[in-house]
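Here is a brisk report on side-chain contacts and surface features. The sequence and structure come first.

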Amino acid sequence: MTKNGQTNPAYVPDATDKASKKYSLELAEKGDKSVIAANQDSYDPYKHREVEHPTTNSETMFHFLKGSLGTGILAMPNAFKNAGYISGSIGTIVIGAICTYCIHQLVKAEYELCKRRKTPSMTYPKVAEEALLEGPTFFHRFAPYIGDLVNTFLLIYQLGTCCVYVVFVSSNIKSVADYYLESPIDVRICMLIILMPLILINYVRNLKYLAPFSTLANAITMVSFGIICYYLFREPITTEGKEAFAPVSGFPLFFGTVLFALEAIGVILPLENEMKTPKKFGGSCGVLNLSMILIVFLYVGMGLFGYLNYGDEIEGSITLNLPAKEVLAQSVKGMLAFAIFITHSLACYVAIDITWNDYVGRKLGPQRSKLFWEYVVRTCLVLVTFLLAVAIPNLELFISLFGALCLSALGLAFPALIQICTHWYNTHGTAKVWLIFSNSVLIIVGILGLVIGTYTSLAEIIATFSD
C-alpha cells in the first residue's frame, strides 16, 4: 500500500526505461558488470517503500500462519494415510524445507529485480516477467506472457481453495445434521443451502468490513484445534495396524495434499512488501523460517497423530472422524464450518481481484454500469466454485488436485526459473553450474509433481464420479 492507501501500481517502463534495460542487457551479455553494479547499489528498494500501516515482525508472522493454517492441516491425517506415518513425517519435513527454500529465492529475486528497475516492490507476476527479461535471450519472447500464466495459476488455485471450502463447510454441516435428522441429508443439499449466503458475503467489496468476522474466525479456529487435539490424545496412540511406508502409488496424492496445506505462495510478496522491517523477513532466524518451522511442526503433528488415531478410517477432514454423538465434537464441526465460511470470502477476494482488476474491469473502461458488472463477476466466480463442489463433493481429492496442479508450478517451478534468469548474467563458474543444476532439479520436481499429481487426482476423481 502507498501512503495514500492505494496499492503500488505495476511497473510499466517508459521509452527511457526500455532503452536503459536494453543497454543493461547488452552490458551483461558482454560481461561488463561494473556500470550495472554501481547503478544498482545506489538504490535500496526497502528505503523507498511507503506503507500507510506497516506490519511488525510478529504481525507478519501471525498473518503468515493465518494464511497457512486452514483446511489443509485438517486434511494432513488423510495425506499420511497415502504415505505412511514414517514416510509421511519425513516427506512433510522435506517438502516444507523445499518450499521454504523456494520462497527465499522468490523474495531475493524480487529484491534484486527491484534494485535493477529502481522500484520499491513488485507483484509475483511482475517478478516473473522482469526475471525472464534478465535471463537468456531465448526467454525474452515469453516475458510478456509469463505474468498472465502466473495469474492463471493463482486464479485456479484460489478458486480451487474456494471449492475446498464449500465442500468442507457442507460436509461438516451434513455431519451434524445427520445426527438429528431421521434420514441422512445429501451433502449437495447443504451446498445449496449455503449458496445464497456465500454470494452475499462475497458482495462485500471492502475487506475492512469482514475484519471483525475474520478475527472471530481465527479465534474459533484456534479453540477448535485445541478440542481436536483433546480427541486425538484422549485414547492411547498406537502404531498397530498402521502402515509406516504406504505403497508408492499413493505418494502423488500425499504430495499434492501437503503442497496445498503448506504453501501460501500467493501472500508471500504482499506480506513482505507491507513489513516495517522487510529485511527481517528472510535470514536464518527471520519471520519466514520461524513461521515455516512452526507450520511444519504443526502439520507433522496433526498428520501423524491423526493417522495413528484413526488409521485407514480417516476422512478427508479429521473433523468428520470426531464422535457424531458428542456435543463437543458437534460444536467443533459447527465452529469450523462458520470459520471457513467466512474465510471463503477472503480467498475469493483474491480471485475477484485478479479477474476484475487485471482483466474484465480494464476492458469495460469507464462505464456507468461498471459496478453492476463487477457484481456479475463476483456472482459467477462463486457459482463456479459451487458447481465444481456439487459435481465432485470429495474433499481430499480436491485438495490433492489443486495442490499438485497449481502449487507445483507456483511454489516450486516458477521460483526456480525466476532464480536462474535473475542471476544468469552475474553468476559465473562453479556458482553458475550450481545455480542451473539446483534450480533445474526443482523445476523438474515441480513439473513431475504437476503432471503425476494432477493425473492421479483426476483419475481418482473420475473413478469416484463414475461410481
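## The loop residue K118

K118 is partly exposed, with a relative accessibility of 38%. The residue sits in the loop that joins α6 and α7. Its phi is near 55°, a positive value in a residue other than glycine. The model is a predicted one.

## Salt bridges between α6 and α7

The structure has 13 salt bridges in the count. In one of them, R116 pairs with E134, and the closest N and O atoms are 2.7 Å apart. This pair links distant parts of the chain: R116 belongs to helix α6 (residues 85–117), E134 to helix α7 (residues 124–134), and 18 residues separate them. Are the two partners buried or exposed? R116 is buried, at 14% relative accessible area. E134 is buried too, at 10%. Both values fall in the buried class because that class takes in relative accessible areas under 20%.

E129 and K126 form another salt bridge, with 3.7 Å between the closest N and O atoms. Both lie in helix α7, three residues apart, so about one helical turn separates them. Their exposure is split. E129 is partly exposed, with a relative accessible area of 24%, whereas K126 is buried at 10%.

## The wider network

Which residues are linked in a network of salt bridges? The members are E112, R116, R117, K126, E129, E130 and E134. Two bridges described above involve members of this set: R116 with E134, and E129 with K126. Side chains of opposite charge can pair when their charged atoms come close.

## A bridge at D186 and R188

R188 forms a salt bridge with D186. The closest N and O atoms are 3.9 Å apart. The cut-off is 4 Å, so the pair counts as a salt bridge. R188 is partly exposed, at 34% relative accessibility. D186 is also partly exposed, at 38%.

## Cysteines

How many disulfides does the count give? The count comes to zero. A disulfide would need two cysteine sulfur atoms within 2.5 Å, so no cysteine pair meets that limit here.

Three cysteines can be placed by exposure. C285 is exposed, with a relative accessibility of 65%. C406 is buried, at 0%. C114 is likewise buried, with a relative accessible area of 0%. C114 is part of helix α6. C114 and Y43 are 71 residues apart in sequence, yet their C-alpha atoms are 8.8 Å apart in space.

## Aromatic pairs

The model holds 14 aromatic pairs. F372 and W373 make one of them, with an edge-to-face arrangement. Their ring centres are 5.2 Å apart, and the planes meet at 75°. That angle is over 60 degrees, so the pair counts as edge-to-face. W373 is partly exposed, at 39% relative accessible area.

W434 and F437 form a tilted pair. Here the centre-to-centre distance is 6.1 Å and the angle between the planes is 40°. The two residues are three apart in helix α18 (residues 429–466), so about one helical turn lies between them. W434 is exposed, with a relative accessibility of 54%.

Ring pairs also build a cluster. Its residues are F80, F251 and F254.

## A charge over a ring

Where does K432 lie relative to W424? K432 is over the face of the W424 ring, at 4.2 Å from the ring centre. That distance meets the 6 Å limit for a charge over a ring.

## A nonpolar surface patch

I444, I447, L448, V451 and I452 make a nonpolar patch on the surface. Its area is about 450 Å². I444 lies in helix α18. Helix α18 also holds the tilted pair of W434 and F437.

Note on methods: Residues numbered from 1 in each chain as written. Predicted model: local features only at pLDDT ≥ 70, side-chain atom pairs only at ≥ 80, totals over all residues. Heavy atoms only, no water. Phe/Tyr/Trp six-rings, centres within 6.5 Å; stacked < 30°, edge-to-face > 60°. Buried < 20%, exposed > 50% of the residue type's maximum accessible area, 1.4 Å probe, protein only. Helix = DSSP H or I, 4+ residues; strand = E, 2+ residues; numbered from the N terminus. Lys NZ or Arg CZ within 6 Å of the ring centre and 35° of its normal. Patch = residues over 30% accessible without salt bridge, like charges linked within 9 Å, V, L, I, M, F, W, Y side chains within 5 Å. Areas by Shrake-Rupley, 256 points an atom, 1.4 Å probe, with all protein chains shown as cover. Salt bridge = Lys/Arg side-chain N within 4 Å of Asp/Glu carboxyl O.
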